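Subject: Structure for you to look at

Hello,

Here is the structure I said I would pass on. Please open it beside this email, and read the notes below with it in view.

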Amino acid sequence: MSTLDPVVLFFVLGVAAGLARADLRLPPAIYDFVSMLLLLSIGMKGGVELARHSSSRLAAELAAVIAMGMALALLAFIVLRYLGRFDRANAAAIAAHYGSVSVGTFAVGVAYLGRAGISYEPQMILFLVVLEVPAILIGVVLARGFGPGTEWGRLLHEVFLGRGVFLLLGGLAIGWAAGQDGLEGLSPLFVDLFKGVLALFLLEMGLIATEHMGGFRRHGALLATFALVAPVVFGAIGAVVGFAIGLSIGGTVLLATLAASASYIAAPAAMRTAIPQANPALSLTAALAISFPFNILVGIPLYSRIAHWLHA
């Protein structure tokens, strides 16, 4: 997918509309519908493919992916805390966002591979879901330790039963149980309209991103540098891990994309519960206003080149 792909251009249109203060925001009910449809579509596709191609190596692959997510969160925390001089709470909160993943970035990566005719492993959807969790827990421990002030029950409910993770898991289960034939009647909505739904989602993301650009003006070049460098470094790490565990070129691209992305759905909700003293504008400015557009415009083609180089 080049930067001229219409799906990506919808994000650019959203940014332009936000900067021009044009009134293009989707009504909340429509945005909720679009995001739910996107999450279910991704989950159901993964479930169908998982039922068709079960992997005996899945447990080892999941262990490697979980370890990667935890390592990325720790690396981000070290950089932010000791090189960036952020306080402990904000360093931990931002690190949790960058160790976790972005469903929107993953969806653009899937569309990129589809346009290029490159297949990928069905367990990538599982990796997407699994990577939401460990970095958030690592962020909480880094910020608060295991003290009595942490409401673990409420936090785990936010992480595991938040709408994003729940819909992905639900779609995965439906796709796995029904199979390709069982979902044939639903394909016009969940398959044929996927790119159109993704385009509307990215239009809204472009508008939201402009709302957080003020955070960059307030916090300067340090945050922007991290938000641009971290995806490249983390994406390269993800590509190496994908290659090491035997993923195909498409799987390696998607794991690199996941590693490079930063959560702006699950992590913010969890951080509000677990680390209320952290400033959410810092995390969202970095993740949504800087790293997200970088990844969909520049990063994913870069990670594709790295994957092809590794598999050459």
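What percentage of the 312 residues in the protein chain do buried residues make up? The share is 56%. Keep in mind that this is a predicted model.

Confidence comes next. The mean pLDDT of the protein chain is 85, and 89% of the residues reach 70 or more. Among the elements, helix H13 (residues 249–260) has the highest mean pLDDT, 97, while helix H8 (residues 152–161) has the lowest, 67.

Now the overall makeup. The protein chain has 15 helices and 0 strands. If you take the contacts between residues at least 6 apart in sequence, 87% of them join residues at least 24 apart. The protein chain exposes about 13,000 Å², and 68% of that area is supplied by carbon and sulfur atoms.

Two helices can be set side by side. Helix H1 covers residues 6–19, which is 14 residues, and its first and last C-alpha atoms are 20 Å apart, close to the 20 Å expected at 1.5 Å a residue. Its buried residues are Val7, Val8, Phe11, Gly14, Val15 and Ala17. Helix H5 (residues 103–116) also has 14 residues, and its end C-alpha atoms are 20 Å apart, which agrees with the span it should have at 1.5 Å a residue.

Why is H5 described as largely enclosed by the rest of the structure? The reason is that 11 of its 14 residues are buried. They run from Val103 and Gly104 through Thr105, Phe106, Ala107, Val108, Gly109, Val110 and Ala111 to Tyr112 and Leu113.

Val103 turns up again in the lining of a cavity. The count of cavities of 30 Å³ or more comes to 2. The second largest has a volume of about 30 Å³. Besides Val103, the residues that line the second largest cavity are Val101, Ser102, Glu132, Ser263, Tyr264, Ile265 and Ala266.

Two loop residues have a backbone angle to look at. Arginine 21 comes just after H1, in the loop between H1 and helix H2 (28–52). Its phi is near 60°, a positive value in a residue other than glycine. Arginine 21 counts as exposed because its relative accessibility is 78%. Arginine 85 is in the loop between helix H3 (58–83) and helix H4 (88–99). The phi of arginine 85 is near 60° too, again positive in a residue other than glycine. With a relative accessible area of 68%, arginine 85 is exposed.

Is alanine 278 buried or exposed? Alanine 278 counts as buried, because its relative accessibility is 11%, and the cut-off for buried is under 20%. Alanine 278 lies in a loop, between helix H14 (266–274) and H15. Leaving out residues up to four places away in sequence, alanine 278 touches Ala89, Asn90 and Ala93. Its C-alpha is 8.9 Å from that of isoleucine 94, although the two are 184 residues apart along the chain.

The last residue to find is isoleucine 290, in helix H15 (residues 280–311). Isoleucine 290 counts as buried, since its relative accessibility is 13%. The C-alpha atoms of isoleucine 290 and leucine 223 are separated by 9.3 Å, and these residues are 67 apart along the chain.

Regards

Notes: Residues are numbered from 1 along each chain as its sequence is written. This is a predicted model: local features need pLDDT of at least 70, side-chain atom pairs count only at pLDDT 80 or more; totals for chains, interfaces and linings use all residues. Side-chain values use heavy atoms; hydrogens and water are left out. Helices (H or I, at least four residues) and strands (E, at least two) are DSSP runs, numbered from the N terminus. The expected span of a helix is 1.5 Å times one less than its number of residues. Buried means under 20% relative accessible area, exposed over 50%, partly exposed in between (1.4 Å probe, protein chains only). pLDDT is the predictor's confidence in each residue, from 0 to 100. Contact means heavy atoms within 4.5 Å. Accessible areas come from the Shrake-Rupley method with a 1.4 Å probe; for residues, only the protein chains shown count as cover. On a 1 Å grid over the protein atoms alone, a cavity is a set of points where a 1.4 Å probe fits but cannot get out, and a pocket is an open set with protein on both sides within 12 Å along at least five of seven lines; lining residues have an atom within 4 Å of a point. Grid points are joined across faces, edges and corners, and a volume is the space filled by probe spheres set on the points.
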